[in-house]
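Trainee: I am new to this structure. Please take me through its charged side chains, how they pair and where they are left on the surface.

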Amino acid sequence: MPTSITCTSLSFTWSDGTPVFEDLDAAFGPGRTGLVGVNGSGKSTLLKLIAGELTPADGGVRVAGEVGYLPQNVTLDTALKVDEALGIAAQRAALHAIEAGDVADEHFETVGDDWDVEERAIATLGELGLGHVELDRTIGEVSGGESVLLRLAALLLRRPDVLLLDEPTNNLDLYARRRLYAAVESWPGVMVVVSHDRELLDLVDQIADLRSGEITRYGGNYSAYEEALATEQEAAERMVRVAEADLKKQKRELVDAQVKLARRKRYGQKMWDQKREPKIVMGARKRQAQESAGKHRIMHEEKLADAKDRLDEAVEAVRDDDEIRVDLPYTAVPPGRGVLTLRDLELVYGARVAGLDLHGPERIALIGRNGSGKTTLLRTIAGELAPVAGEATAHVPLRFLPQRLDVLDDGLSVAENVARFAPGATNNRIRARLARFLFRGARADQRAATLSGGERFRAALAALMLAEPAPQLLMLDEPTNNLDMASVRQLTTALESYEGALIVASHDLPFLESIGITRWLMVEEGELRETTPEAVGYPA
């Protein structure tokens, strides 16, 4: 049987009753498929169901072949050795024992036919840019991005038939992304990848668009999908205009028919009153007119109802991706006002900042390789980590949104989480503001634990931007992780409304360029230095 994934009548609902799918049918065959859709549509949930990490409420998943799964949030025990994380520790130990002269049967059973496992592991690490990572090192010695690549290396070593990747470029610097792109391009089996990374999605063979609980397929990569979608949407908008015109026409015809019928009724009544014809003839004519009028009215009402249905269908086919709209006047910082001062700062993991002054509504991009110290610097400025030496002084209210989005309490609703940061705000005020972050009505009551990655980010961003006092310095660490394309546009719109100072650590260059960065700072070899966007390119 060829390698494939088949989902039949798949249904899934979260424990709080929030539905995700109902009777979803989907199939994935050989090749690379990009699974796209708005945040909250169920992309990550579908991958977990296929991987067997969640159990469907109804329906089933059948996979022909072994499955390898890279989750959105990779967490590895920092005490693990690299060979343990790769899943080859037992085989390595058996090989070394045999090489040392121990010929016990259990060692040969452990090795099996995989005598070159150590060489393959080293080669795989090299292909992913991890040639410097020794097999006996511990996970605690590698960066977050390197741990993602280690998890991918473990999957590649297993050589599964089906590979599921959920936002694999999260936390990866530009160099590491290149390595991952190469691994994706050379993958020979079935691959389903969920990502907001446009360059990665341009490497796939087809796009599966998950929307409103159904999957629509588009041949080609993401660029081809966008072109097809634009053509489809133009046609849908034309159909809306046609349906609107038809609805107006049917309304006019119904009114005209009602006017004609009213005239006939008045004429018939006049004939009856004047008794110009025998009573039996007039009675038959009256009944005939009433029947005719009834049929005429029903016909026009049915046409009008059909026109309304066609308009509803046409409108439904037009996508309306809402945008975040925020009005935050208290976040404004006057030009020239001191916002942040860093002096002779030495961070806990060795990076140094001789000096930095941030004034007014500046927008700083903080870039650098994985493990260079960007997150450590932001956490130090936020007061989460104490510096080894020097000082970091914020002169205005600041808020920090970390990669982990752990500012939310999973046991509370979205509205309750925002209330924690703005205890003086009324419930009505909180809900009115949350509506601008697209949490309307019952969605504001959804528990944080049930939110998708993008929804969780939006809720965390709302909690920080609506906090009291209003933040005049906002620091974001890899904010586009877990966000679909529409959500990235929403974030860009929200940040356009923000009038305070901004520091963003990100590997997403198109996003950084879209939010009006005024200064570019790079953490390199333990030092913070000024750079330019022209100097920050994708390496070969």
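Mentor: Salt bridges come first, then the surface patches, then one helix.

This is a predicted model, so local features need pLDDT of at least 70, side-chain atom pairs count only at pLDDT 80 or more, and totals for chains, interfaces and linings use all residues. Residues are numbered from 1 along each chain as its sequence is written, and side-chain values use heavy atoms, with hydrogens and water left out.

Side chains of opposite charge can pair when their charged atoms come close. The rule for a salt bridge is a side-chain nitrogen of Lys or Arg within 4 Å of a carboxyl oxygen of Asp or Glu. By this rule there are 22 salt bridges.

Take aspartate 136 and arginine 92. They form a salt bridge, with the closest N and O atoms 3.1 Å apart. The pair links distant parts of the chain, 44 residues apart: aspartate 136 is in the loop between helix H5 (117–127) and helix H6 (144–158), and arginine 92 is in helix H3 (residues 89–99). Helices (H or I, at least four residues) and strands (E, at least two) are DSSP runs, numbered from the N terminus. Aspartate 136 is partly exposed, at 48% relative accessible area. Arginine 92 is buried, at 6%. Buried means under 20% relative accessible area, exposed over 50%, and partly exposed in between (1.4 Å probe, protein chains only).

Next, aspartate 197 meets arginine 177 in a salt bridge of 3.3 Å, N to O. Aspartate 197 sits in the loop between strand E7 (190–194) and helix H8 (198–201), while arginine 177 is in helix H7 (residues 174–185), 20 residues apart. Both aspartate 197 and arginine 177 are buried.

Arginine 519 and glutamate 362 also form a salt bridge, with their closest N and O atoms 3.4 Å apart. Arginine 519 lies in strand E17 (residues 519–524) and glutamate 362 in the loop between strand E11 (352–359) and strand E12 (363–368), so the pair ties together parts 157 residues apart in sequence. Arginine 519 is buried at 16%. Glutamate 362 is buried too, at 18%. Elsewhere, salt bridges that share partners join Lys81, Asp83, Arg92, Glu118 and Asp136 into one network.

Now the patches. They are made of residues with over 30% relative accessible area and no salt bridge; like charges are joined within 9 Å, and nonpolar side chains (Val, Leu, Ile, Met, Phe, Trp, Tyr) within 5 Å. Lys and Arg count as positive, Asp and Glu as negative; His and the chain ends are not counted.

Lys248, Lys249, Lys251, Arg252, Lys303 and Lys308 form a positive patch. Helix H9 (222–274) and helix H10 (279–317) each supply at least two of its residues. H9 gives the most, with four. Lysine 308 lies in H10 and is partly exposed at 41%.

Glu22, Asp23, Asp25 and Asp58 form a negative patch. Strand E2 (residues 19–28) provides the largest share, three residues. Aspartate 23 lies in E2 and is partly exposed at 48%.

For contrast with charge, Val103, Phe108 and Trp115 form a nonpolar surface patch, with about 300 Å² of accessible area together. Phenylalanine 108 lies in helix H4 (residues 105–111) and is partly exposed at 35%.

Last, helix H14. In H14, 13 of the 13 residues are buried, so the helix is largely enclosed by the rest of the structure.

Terms used:
Accessible areas come from the Shrake-Rupley method with a 1.4 Å probe; for residues, only the protein chains shown count as cover. The place of a charge is taken as NZ of Lys, CZ of Arg, CG of Asp or CD of Glu.
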